[in-house]
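Let's walk through this model together, starting with an open space and then turning to the helices that pack around one another. Keep the structure in view as you read.

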Amino acid sequence: MDAVNTLTTNAAPPLKASRVRSSRRVADKLLIVGSTVATLIGIVVLGSILLMLIVEGVKGFSPLLFSEPTPGPGSEGGGIANAILGSVVLTFIGIVIATPVGVMAGTYLAEYGRNSKLADVIRFLNDILLSAPSILIGLFVYTLMVRPMGTYSGWAGGVALAIIATPVIVRTTEDMLRLVPSTLREAGAALGAPPSIVIKSITWRGASAGIVTGIILALARIAGETAPLLFTALNNNSWFSPNLMGGIPNLPVMIYQFALSPYSNWQQLAWAGALLITATILALSIVARFVIKSERAR
């Protein structure tokens, strides 16, 4: 009995429940306040940027914006039709090159390589490309294509954009294919179908919405890239040749050059082009979210 009393006497005094609950309550309130303030700051900053972009960009919208090429230095009027068409061409080349490479690489990682050492190396390199500065990719393509060819070209710009888009498609494709239940693959194998048929008819079909979403996100990723195009496609104030050799007009570089110019009409066109790119990327993001939502609903 004495031993029990001794242990009871030497034991640490119990914590007051009210004091513990009060500290937790204060910490919870501080976290809520901090999160709310951070959210409001982000909303205010982003809202200010969008508001300024809309107000300034709408001023430059007119029918000539989509029908006339960019004006020369000191010229009045003009539009950005050549830059819009050039951006569409460059983005199309980039996504056409990146899509088959990205989908096939993602398929290898999810279906064939899986946990192999080669697959781990590919994933590591893909992560590096995902986080690599786009200007380095532009310098790489400049050394690889522009210098040997002796001129800027739309082909070089398309390759640079493809390098940026490929890791996005690879990662998305692998993740979407891994979400397909393995029982579906086993059912296809039980019917005697070879792995290629199982991938083509079952796993690709089951992950088709996710793969398309990844392609759309990659498209939005490269639509506004400027740095790689400065070293590959550059820009010009006229229409480009059908062989895509020489400077290719495009919206990102046009915005960069016109925004820094001393001419007011160039600056107005830069605002209009920035609003157009932002609206395009927003539309692509909404489409991607719609595709994801429809896939989850199924």
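A word on residue classes helps first: Ala, Val, Leu, Ile, Met, Phe, Trp, Tyr, Cys and Pro count as nonpolar, Asp, Glu, Lys and Arg as charged, and the others, Gly among them, as polar. With that in hand, look at the second largest pocket of this predicted model, whose lining holds nine nonpolar residues, three polar ones and no charged ones. Its volume is about 230 Å³.

Which residues line the second largest pocket? They are Ile84, Ser87, Val88, Thr91, Phe92, Leu219, Ala223, Leu251, Leu276, Ile277, Thr280 and Leu284. Two or more of these lining residues come from each of helix 3 (81–113), helix 9 (208–223) and helix 12 (264–297). Helix 3 supplies the largest share, five residues.

Helix 3 and helix 9 are worth following beyond the pocket. Their axes come within 10 Å and cross at roughly 140°, which makes helix 3 oblique to helix 9. The crossing of these two helices is right-handed. On the helix 3 side, the residues that meet helix 9 are Thr91, Ile95, Thr99 and Val103, and their partners in helix 9 are Ile211, Ile215, Ala218, Leu219, Ile222 and Ala223. Sorted by class, this contact has eight nonpolar residues, two polar and no charged. Thr91, Leu219 and Ala223 appear here and also in the lining of the second largest pocket.

Stay with helix 3 and turn to helix 6. Here the two helices pack at an angle of about 30°, and their axes lie 6 Å apart. Helix 3 passes helix 6 in a right-handed crossing. The residues of this contact divide into 18 nonpolar, 11 polar and three charged.

Helix 6 (residues 154–178) also packs with helix 4 (residues 117–131), at an angle of about 130° and with the axes 8 Å apart. How are helix 4 and helix 6 placed relative to each other? Angles from 65 to 115 degrees count as roughly perpendicular and those over 145 as roughly antiparallel, so helix 4 and helix 6 are oblique to each other. Helix 4 passes helix 6 in a left-handed crossing. Helix 4 makes the contact through Arg123, Asn126, Asp127, Leu129 and Leu130, while helix 6 brings Ile163, Pro167, Val168, Val170, Arg171, Glu174 and Arg178. By class, the contact of helix 4 with helix 6 has six nonpolar residues, one polar and five charged.

Methods: Residues are numbered from 1 along each chain as its sequence is written. This is a predicted model: local features need pLDDT of at least 70, side-chain atom pairs count only at pLDDT 80 or more; totals for chains, interfaces and linings use all residues. Side-chain values use heavy atoms; hydrogens and water are left out. Axes are lines fitted to C-alpha atoms, for helices over the stretch in contact, and angles run from 0 to 180 degrees between N-to-C directions. Helices (H or I, at least four residues) and strands (E, at least two) are DSSP runs, numbered from the N terminus. Angles under 35 degrees count as roughly parallel, over 145 as roughly antiparallel, 65 to 115 as roughly perpendicular and the rest as oblique. A crossing is left-handed if the near helix is turned anticlockwise from the far one by less than a right angle, and right-handed if clockwise. Contact means heavy atoms within 4.5 Å. On a 1 Å grid over the protein atoms alone, a cavity is a set of points where a 1.4 Å probe fits but cannot get out, and a pocket is an open set with protein on both sides within 12 Å along at least five of seven lines; lining residues have an atom within 4 Å of a point. Grid points are joined across faces, edges and corners, and a volume is the space filled by probe spheres set on the points.
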